[in-house]
Amino acid sequence: MALPERVQSIYQDVIKRNPGEAEFHQAVKEVLECLGPVLVKYPEFAEAKVIERICEPERQTIFRVPWQDDRGQVQINRGFRVQFNSALGPYKGGLRFHPSVYLGIIKFLGFEQIFKNSLTGLPIGGAKGGSDFDPKGKSDNEVMRFCQSFMIELWRIIGEHTDVPAGDIGVGAREIGFLFGQYKRLTSKFEAGVLTGKGLVYGGSQVRTEATGYGCTYFVEEMLKAKGNGFMGKKAVVSGSGNVAIYTLEKIHQLGGKVVAMSDSHGVVVDEDGFNLETVKQLKEVDRRRIKDYCDIHKQAKYIDGGNIWDVPCDVAMPSATQNEISGNDARTLVKNGCIAVGEGANMPTTPDGVQVFLAAGVLFGPGKAANAGGVATSALEMQQNAGRDAWGFEETDAKLHQIMKNVYQHCSDAAEEFGSPGNLVVGANIGGFIKVARAMIAHGLV
Ligand code: NDP
């Protein structure tokens with residue numbers, strides 16, 4: 001899609017000011033492409049340079065994380081926290097521990113988080129953080145020493161009213177526990193609301209573990225329902241086999257669909273009988289093994305080393321691993337094989353080329369900033385419970401998540417309609433998320 005003339009120079013400026021950060025450029029471009037009609041309707045946004053301001057993080061922190069491995073060797077990693085926008089509430093967004101992490105990845109994620117958090121309707125600003133540390137293959141003690149060293153820097157800039165991190169790739173319940181323990185020790189405070197994704201025994205929320213996968217499935221269900229369709233009897237492919245993928249599998253099966261392929265960064269497993277949820281949970285959440293080991297237990301399943309999961313025919317595709325995992329060619333293959341809906345559990349998993357292929361083919365397309373908003377929405381529910389020293393039950397929390405995802409879908413669908421692109425949820429999510437933040441920024445004056 002071409003950029004509207006009035007945002008061209010903003011985009012060029014972003015490239016110039018943030019050299020070498022390809023993922024950040026891509027995320028900004030995708031939002032700017034949609035904002036032309038918004039500036040026509042609200043010229044005050046252009047006058048106040050809201051877009052220019054939104055593209056510049058409010059604060060960026062980069063720090064050294066030294067730690068010792070089990071052999072006594074010194075290791076050095078780099079830590080990041082990009083506090084992008086606090087117009088709607090305290091900064092909120094996950095921490096990613098993965099060797100590919102650099103400033104450009106954290107900025108793309110933090111930028112997307114602003115609009116995603118706005119779409120949830122809850123009072124949270126946008127941020128993201130992480131490190132190039134790889135938890136894979138590390139002992140629990142090594143992970144703990146790393147998390148403690150990471151928190152020795154991070155604690156200064158976070159707090160329940162300031163900035164509330166959570167998990168993302170490589171950061172699950174174990175890492176959040178170690179981070180929380182160190183924050184508590186450093187501050188001498190039991191400040192439950194400083195991190196979300198906590199364990200249930202010390203202030204965590206029911207459904208937070210399940211929230212992103214469940215929420216993404218609820219969102220796709222809304223897209224299908226609008227066409228008089230549903231998950232019943234549908235074949236789905238879910239990439240990855242981490243937190244988001246596992247709970248997408250669980251919810252799709254609950255709604256009568258069948259997940260026939262999952263993956264990790266090494267390869268793809270195909271199980272035409274439908275994946276066994278308990279086996280996947282045991283392998284990935286308890287034993288921390290590879291997805292290929294699934295085939296040792298379920299002999300009918302096939303492992304394709306280095307395979308491409310998007311070659312597996314399906315009705316619904318749920319990319320739930322990482323950014324740019326569906327190329328234009330992958331999208332064409334999916335369309336050719338009869339895929340009717342895509343729900344982005346991961347952040348920006350479809351390349352711009354791929355998005356255009358889906359939209360042109362009339363595939364129902366749920367962009368990540370809307371479809372995977374259930375994770376952060378439930379984090380905000382965790383903050384609410386912490387603030388009220390309360391703990392809600394599973395059904396109650398799940399019902400709130402479900403309603404939030406219905407609202408996010410409706411909000412995107414209405415915004416797309418209002419701004420002349422009915423059915424285009426990419427446009428709907430970007431515009432719907434942007435307007436609320438822009439209004440708040442204008443209300444706050446030039447800050
Ligand atoms: P996990 O670390 O639990 O799982 C990630 C999964 O994706 C693993 O199976 C991993 O395989 C695979 N993966 C990661 N990087 C790559 C890569 N470069 N190539 C192929 N496979 C890869 O992370 P989550 O499930 O939490 O996150 C998945 C996605 O969902 C991310 O994009 C994240 O930003 C997004 N997301 C997560 C939310 C959450 O609440 N957790 C909320 C909203 C979005 P391997 O083990 O081989 O690396």
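This report describes the domains, a strand pairing, a pocket and several single residues of one protein chain.

The structure is a predicted model, and the description of it starts with the overall division of the chain. The domain assignment of the protein gives three stretches, namely domain 1 (5–54), domain 2 (59–190) and domain 3 (211–371). Between the C-alpha centres of domain 1 and domain 2 there is a distance of 27 Å, and the two domains touch each other through ten residues of domain 1 and twelve residues of domain 2.

**Helix α2 and the second largest pocket**

Helix α2 covers residues 22–32, and eight of its eleven residues are buried, so the helix is largely enclosed by the rest of the structure. The buried residues of α2 are E23, F24, H25, Q26, A27, V28, V31 and L32. One of these buried residues, Q26, also appears in the second largest pocket, where Q26, E30, E33, P352 and V355 are the lining residues that lie nearest the centre.

This pocket has a volume of about 310 Å³, and 22 residues line it. The elements that each give two or more residues to its lining are α2 (22–32), α14 (352–360) and α15 (368–371). In terms of domains, the lining takes at least three residues from domain 1 (5–54) and at least three from domain 3 (211–371). When the lining residues of the pocket are sorted by class, ten are nonpolar, six are polar and six are charged.

**Strands β1, β2 and β4**

Strand β1 (residues 59–68) and strand β2 (residues 74–85) run antiparallel and are joined by ten bridges. Within this pairing, Q68 stands opposite V74 in β2. The hairpin formed by β1 and β2 has five residues between the strands, and G72 in this hairpin takes a positive phi near 85°. Strand β2 is also joined to strand β4 (residues 126–131), again in an antiparallel arrangement, by six bridges. As an example from this second pairing, R81 has G129 in β4 as its bridge partner.

**Two buried residues**

Where in the chain does F63 sit, and which residues does it touch? F63 is found in strand β1, and, when residues up to four places away in sequence are not counted, F63 touches N77, R78, G79, F80, R81, F150, E153 and L154. F63 is counted as buried because its relative accessible area is 7%, which is under the 20% limit for that label. One of the residues that F63 touches is R81; F63 and R81 are 18 residues apart in sequence, and their C-alpha atoms are 8.8 Å apart in space.

Q182, in turn, belongs to helix α8 (residues 173–187). Q182 has a relative accessible area of 7% and is therefore buried. Leaving aside neighbours within four places in sequence, the contacts of Q182 are Q148, M151 and I152. The C-alpha atoms of Q182 and F150 are separated by 9.3 Å, although these two residues are 32 residues apart along the chain.

**Two loop residues with a positive phi**

Most residues other than glycine have a negative phi. Against this background, K49 has a positive phi of about 50° although it is not a glycine, and S188, which is not a glycine either, has a positive phi of about 60°. The table sets out these two residues together with their places and accessibility.

| Residue | Phi | Location | Relative accessible area |
|---|---|---|---|
| K49 | about 50° | loop between α4 (43–47) and α5 (50–54) | 49%, partly exposed |
| S188 | about 60° | loop between α8 and α9 (211–225) | 68%, exposed |

The two labels in the last column follow from the cut-off, because a residue counts as exposed only over 50% relative accessible area. K49, with 49%, is therefore described as partly exposed, whereas S188, with 68%, counts as exposed.

How values were computed:
Residues are numbered from 1 along each chain as its sequence is written. This is a predicted model: local features need pLDDT of at least 70, side-chain atom pairs count only at pLDDT 80 or more; totals for chains, interfaces and linings use all residues. Side-chain values use heavy atoms; hydrogens and water are left out. On a 1 Å grid over the protein atoms alone, a cavity is a set of points where a 1.4 Å probe fits but cannot get out, and a pocket is an open set with protein on both sides within 12 Å along at least five of seven lines; lining residues have an atom within 4 Å of a point. Grid points are joined across faces, edges and corners, and a volume is the space filled by probe spheres set on the points. Helices (H or I, at least four residues) and strands (E, at least two) are DSSP runs, numbered from the N terminus. Ala, Val, Leu, Ile, Met, Phe, Trp, Tyr, Cys and Pro count as nonpolar, Asp, Glu, Lys and Arg as charged, and the others, Gly among them, as polar. Domain bounds come from an automatic or database domain assignment. Two strands pair if DSSP finds at least two bridges between them. Buried means under 20% relative accessible area, exposed over 50%, partly exposed in between (1.4 Å probe, protein chains only). Contact means heavy atoms within 4.5 Å.
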